[in-house]
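Have a look at the two chains below, and keep the viewer open as you read. We will start with a single strand pairing and work outwards from there.

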Amino acid sequence: MRGSSLAVLIPAWNEEATVADVVSKIREVGPYDVIVINDASTDQTADRADAAGAKVLNLPVNLGAWGATQTGIRFALKKGYRQVITMDADGQHLSSAIPHLMAPIAAQKADVVIGSCTERGSHARKLAWRFFRGMTGLEIEDLTSGFRAYDLPAMKMLASKKATLLEYQDIGVLLLLMNSGLRIQEMKVPMRLRLSGSSKIFSSWFKVAEYLLLTLILCTSHFMKVKSHLYVSNRGTL
Amino acid sequence: MKPLLSYQWTTAIIGLMIALVILFLIRRDILHVKRSLWWIGIALLIVFMGFFPLQIAQFGVLLGVNYPPILILTIGMGFILIKILSMDLERSRQERTLRRLTQKIAMLEGLQKEAKAVEKIELMTQGEKLNDTNNRSDI
């Protein structure tokens with residue numbers, strides 16, 4: 001049964017330790033429908049999320065964080081939701097920031113709002129972000145934040161086939177949105193350290209190198225494609 | 001006949017052209033970016049081989065390869081590269097389809113679960129109504 005026009009999407013892969021807490025905290029903030037996309041977890045993630053009151057979509061094979069997020073967006077579109085928020089299942093993102101993240105979209109001032117927290121990155125990560133910002137022309141501080149709000153046009157773009165072969169919800173997604181003429185706003189939000197485990201994307205130096213190389217190739221292939229005038233210049237802060 | 005280009009420039013141009021084609025294919029969303037690492041690597045290797053022919057020749061001598069009419073082999077290898085690239089393009093297309101089908105399965109299962117839950121609630125409501133009617137007729 002639909003509670004609101006906003007769905008909160010949580011891609012989750014082996015997050016049994018934190019997912020129930022994340023779902024409960026979101027439901028405390030407002031009557032939002034929470035959809036957990038279980039990315040072929042081998043633990044109790046789906047059961048814990050279900051018990052906490054989330055709607056659970058079970059992917060039969062692991063598609064990665066972006067593949068799972070896109071599943072949620074496609075499902076949300078099918079169910080008639082008009083806005084979605086994406087959040088990590090590891091407890092880094094604070095559900096109390098959801099209403100603030102939604103405000104620019106409700107006021108129709110932006111199509112995409114990125115909850116950013118650049119303080120959390122290491123010096124090496126900040127250096128990489130600066131490099132990729134320079135390459136792409138993207139004027140966004142936190143390029144990898146998974147805490148984002150999307151309105152209907154952004155959802156439709158991200159649900160399209162064009163976005164299916166992307167690997168991460170970061171620069172590739174931002175470039176696609178930007179080149180579609182959608183307005184992106186960044187909002188500083190507080191985040192906390194992950195409650196358990198470590199980053200799945202950057203689990204080893206090999207994976208970090210692979211991520212950097214793939215992103216470098218992606219940025220090079222989209223060089224000079226960004227229409228920088230489409231940015232919403234005023235950055236909000238929470 | 002006097003050559004138009006030196007060997008270095010020929011291979012450098014071939015390498016750069018491969019790199020540009022790969023970047024163009026990624027830009028057009030035809031080639032999966034994950035498949036591109038290999039191809040960019042090949043392109044860089046060709047450029048390297050063009051600019052350092054002496055080292056490559058020395059390496060060949062070390063391995064006992066010293067045969068000048070290598071052009072036919074190079075052309076043959078070029079055709080093989082084109083064939084493999086076309087296979088990677090097809091693989092990217094299939095991967096896109098597979099991902100969307102996987103997503104669709106998860107979505108359909110979710111919708112089915114919802115429909116079953118609604119059906120269950122409706123059955124329970126009907127059962128309660130039936131009980132009420134029976135109770136009233138008993139009275």
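Which residue in S2(A) does Ile10(A) stand opposite? The partner is Val36(A). Please keep in mind throughout that this is a predicted model.

**A strand and its neighbours**

That pair belongs to strand S1 (6-12) and strand S2 (33-38) of chain A, which run parallel and are joined by six bridges. S1(A) also has strand S4 (residues 83-86) of chain A as a parallel partner, with four bridges between them. There, Val8(A) stands opposite Ile85(A). The two pairings can be set side by side:

| Pairing | Bridges | Direction |
|---|---|---|
| S1(A) with S2(A) | six bridges | parallel |
| S1(A) with S4(A) | four bridges | parallel |

Is S1(A) buried or exposed? Seven of its seven residues are buried, so the rest of the structure largely encloses S1(A). The cover extends to both faces of the strand. Leu6(A), Val8(A), Ile10(A) and Ala12(A) are buried on one side, while Ala7(A), Leu9(A) and Pro11(A) are buried on the other.

**The helix in between**

Together with H1(A), strands S1(A) and S2(A) make a right-handed β-α-β unit. Helix H1 spans residues 19-29 of chain A, and its buried residues are Val19(A), Ala20(A), Val22(A), Val23(A) and Ile26(A). Why do these sit on the same side of H1(A)? They cover an arc of only 165 degrees around the axis, which puts them there. As a reminder, an α-helix has 3.6 residues a turn, so residues three or four places apart point the same way. The elements that cover the buried residues of H1(A) include S1(A), S2(A) and helix H2 (45-51) of chain A.

**Chain A as a whole**

Stepping back, chain A contains eight helices and eight strands. Of its 238 residues, 50% are buried. Among contacts in chain A between residues at least 6 apart in sequence, 77% join residues at least 24 apart.

**Where chain B meets chain A**

Now turn to the second chain: 22 residues of chain B are in contact with 25 residues of chain A. On the side of chain B that touches chain A, helix H1 (7-27), helix H2 (33-51) and helix H4 (71-138) of chain B each supply at least two residues. Which of the helices gives the most to that side? The answer is H4(B), with 12 residues. By type, the residues on this side of chain B divide into eight nonpolar, six polar and eight charged.

Terms used: Residues numbered from 1 in each chain as written. Chains lettered and ligands numbered in written order. Predicted model: local features only at pLDDT ≥ 70, side-chain atom pairs only at ≥ 80, totals over all residues. Buried ≥ 20, exposed ≤ 12 C-beta atoms within 10 Å, placed from the backbone. Arc of directions from axis to C-beta. Contact = placed C-beta atoms within 7 Å. Nonpolar A, V, L, I, M, F, W, Y, C, P; charged D, E, K, R; others polar. Pairing = 2+ DSSP bridges. Right-handed = clockwise from strand over helix to strand, strands pointing away.
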